[in-house]
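Visitor: Could you take a close look at the charged pairs in this model and at the helix packing around them? I should like one connected account, with the burial of the residues concerned.

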Amino acid sequence: MITRLGRSIRARLALFASIAMALLCLVTSSLLLWSAQGALMDIRTNEVIGSALRVVHLIKEHERPPPLVDLDPHSVQAVDENGRVVSATPNLRGMPRVTNLAPAAGSASRIGPLCDVPQFHGECQIMVAFRVYRNDGDWIVYAFGARPPWYVNASTLVLLAGGSTALVVLAWFGASRMVAKTLSPVDNITARLAEITAGNGGMRVPVPENADEIRALAETANQTLARLEQAVEQQRRFASDASHDLRSPLTAMRAELEEAMLAPDETDWRETGTRLLTSLDRLQNIVTDLLTLTRLDAGAPGHLEPVDLAELVKSETERTRGKKVVTSLQPGVVVTADRLRLSRLLTNLLDNAERHAESTIIVAVRQSRGEAMLEVQDDGAGVAPEHREVVFQRFTRLDASRNRDAGGTGLGLPIAREIAHAHGGVLRIEDCDKGARFVLRIPVRDA
């Protein structure tokens with residue numbers, strides 16, 4: 001469909017260029033014909049005036065002018081004071097006076113067009129009338145010449161029509177070739193996108209060497225495809241890890257039940273139920289985390305209210321934990337947040353710190369340069385710099401973490417980061433002397 005659209009665009013642009021060229025040729029040809037017709041009219045008029053002046057000269061030299069035989073292609077009549085034709089060129093000889101038009105009183109000449117005259121079979125003529133002053137009365141000399149048509153002559157019209165046609169065809173061909181060459185990279189990109197849609201090859205489109213706009217389009221498309229490829233790969237890994245993490249407790253529960261069913265009379269069902277509940281708790285935690293991530297990804301709004309971070313930390317650290325929790329809280333650090341989500345963020349950080357701490361967890365709240373800072377630090381082995389972003393990927397648990405504790409879902413830290421982003425903040429691991437130091441930075445509530 002896109003290829004047909006490209007052909008349609010080429011055809012429309014070529015048609016537009018041809019129409020524009022045709023209009024340009026029409027205007028130009030009209031101006032040329034008008035100029036040529038005007039110039040030829042001036043030449044013809046001067047020629048007719050010359051023929052008339054020759055007759056005027058003959059009249060002044062002779063009492064009566066001799067027969068007029070050498071004035072072709074012009075027609076001339078000499079009319080005496082009584083209005084009689086006394087001399088004429090052969091084509092008007094024996095004919096009555098052509099016209100009664102005469103120079104105005106006090107004027108020696110009159111020049112203008114003359115049409116619908118029987119002597120010239122209705123063809124328009126250039127008429128020149130000269131008054132010849134004589135003692136016995138004024139004579140009038142009329143001279144006539146064919147008036148050039150609007151198209152000047154047939155050769156000029158054919159030449160202009162042929163040239164205009166050639167230019168229109170050239171405009172069509174040139175525009176079609178130029179548009180085809182311009183859209184050729186687009187066709188290549190279209191074909192490559194079709195291959196990508198069919199699942200053939202990597203997710204990249206060819207980038208043309210020239211054509212800056214199309215090159216920018218191809219580069220932007222490649223950036224989008226790269227992000228899409230990364231998102232697809234991340235989604236694939238997410239689905240794979242989620243199915244694996246969901247399958248693990250289900251497999252454990254099935255194994256427990258199958259073992260118990262082999263010897264139901266010898267099975268301690270209370271102990272079996274306890275182990276099943278442990279697997280169910282893990283399964284429920286994974287499902288709950290998945291639902292939380294789904295809501296966060298969908299941008300579900302939270303209930304925003306003023307939250308004092310010091311009071312939040314106090315309430316969350318009152319619960320007894322397996323490791324010692326030390327707090328350093330600056331009072332009055334208030335942010336606008338969803339209390340439940342912020343509590344979930346803090347709980348996830350504390351649970352993560354508890355799993356990896358040797359003995360102590362440090363929680364600090366302070367304000368710096370318009371930002372509220374919440375820090376959770378453990379005294380464990382810490383996270384290598386190259387893994388500080390990896391731990392925020394979903395279902396990611398480093399090998400050391402997996403060996404020490406299989407109870408985590410791998411979703412706690414990604415959930416914490418998504419909550420931070422939802423509040424316009426950032427959550428990352430920063431340098432410290434020992435262990436891992438997670439720092440949340442979010443804007444302080446305006447006064």
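Guide: Arg84 and Asp80 join their side chains in a salt bridge, with a distance of 3.1 Å from N to O. The model is a predicted one, and its salt bridges number 17. Side chains of opposite charge can pair when their charged atoms come close. In the pair just named, Asp80 has a relative accessible area of 5%, so it counts as buried, the cut-off being under 20%.

A second pair links Arg366 to Glu375 through their side chains, at 2.8 Å from N to O. The two partners fall into separate classes of accessibility: Arg366 is partly exposed, at 32% relative accessibility, whereas Glu375 is buried, with a relative accessible area of 11%. A third pair is formed by the side chains of Arg437 and Glu430, with an N to O distance of 3.4 Å. Here Arg437 is buried at 14% relative accessibility, and Glu430 is buried at 15%. Through shared partners, salt bridges connect Arg366, Glu371, Glu375, Arg428, Glu430, Arg437 and Arg441 into one network.

Two strands bring this region into relation with a helix. Strand E11 spans 426-430 and strand E12 spans 437-443, and both are among the elements that cover the buried residues of helix H8. The cover also includes helix H4 (269-297) and H6. H8 is largely enclosed by the rest of the structure, because eight of its eleven residues are buried. The buried residues of H8 are Gly412, Leu413, Pro414, Ile415, Ala416, Arg417, Ile419 and Ala420. After H8 comes Gly424, which has a positive phi near 75°.

The packing of H6 against H8 (residues 412-422) can be described by its geometry: their axes come within 9 Å and cross at roughly 145°. This crossing is left-handed. On the side of H6, the contact is made by Arg341, Leu342, Arg344, Leu345, Asn348, Leu349 and Asn352, and on the side of H8 by Gly412, Leu413, Ile415, Ala416, Ile419 and Ala420. Sorted by class, the residues of this contact are eight nonpolar, three polar and two charged.

H6 (residues 339-356) also packs with helix H5 (residues 309-317), at an angle of about 55° and with the axes 10 Å apart. That angle makes H5 oblique to H6. The crossing in which H5 passes H6 is right-handed. H5 contributes Leu309, Leu312, Val313, Glu316 and Thr317 to the contact, while H6 contributes Arg339, Leu342, Ser343, Leu346, Thr347 and Leu350. The contact of H5 with H6 comprises six nonpolar, three polar and two charged residues. Leu342 is thus listed on the H6 side of the contact with H5 and also on the H6 side of the contact with H8.

Asn348, one of the H6 residues in the contact with H8, also serves as a reference point for another part of the chain. Its C-alpha atom is separated by 49 Å from that of Pro208, the two residues being 140 apart along the chain. Pro208 belongs to the loop between helix H2 (154-197) and helix H3 (212-262). Pro208 is buried, at 12% relative accessibility. Leaving aside residues up to four places away in sequence, Pro208 touches Pro185, Ile214, Arg215 and Ala218.

A further buried residue is Ser29, with 13% relative accessibility. Ser29 is situated in helix H1 (residues 2-61). With residues up to four places away in sequence not counted, Ser29 touches Leu160 and Ser164.

Two backbone features complete the account. Most residues other than glycine have a negative phi, and most peptide bonds are trans. Asp116 is not a glycine, yet its phi is positive, at about 55°. Asp116 is placed in the loop between strand E3 (109-114) and strand E4 (125-132), and is exposed, with a relative accessible area of 67%. Val152 likewise is a residue other than glycine with a positive phi, near 70°. The loop that holds Val152 runs between strand E5 (139-146) and H2. In contrast to the exposed Asp116, Val152 is buried, with a relative accessible area of 12%.

Notes:
Residues are numbered from 1 along each chain as its sequence is written. This is a predicted model: local features need pLDDT of at least 70, side-chain atom pairs count only at pLDDT 80 or more; totals for chains, interfaces and linings use all residues. Side-chain values use heavy atoms; hydrogens and water are left out. A salt bridge is a side-chain nitrogen of Lys or Arg within 4 Å of a carboxyl oxygen of Asp or Glu. Buried means under 20% relative accessible area, exposed over 50%, partly exposed in between (1.4 Å probe, protein chains only). Axes are lines fitted to C-alpha atoms, for helices over the stretch in contact, and angles run from 0 to 180 degrees between N-to-C directions. Helices (H or I, at least four residues) and strands (E, at least two) are DSSP runs, numbered from the N terminus. Angles under 35 degrees count as roughly parallel, over 145 as roughly antiparallel, 65 to 115 as roughly perpendicular and the rest as oblique. A crossing is left-handed if the near helix is turned anticlockwise from the far one by less than a right angle, and right-handed if clockwise. Contact means heavy atoms within 4.5 Å. Ala, Val, Leu, Ile, Met, Phe, Trp, Tyr, Cys and Pro count as nonpolar, Asp, Glu, Lys and Arg as charged, and the others, Gly among them, as polar.
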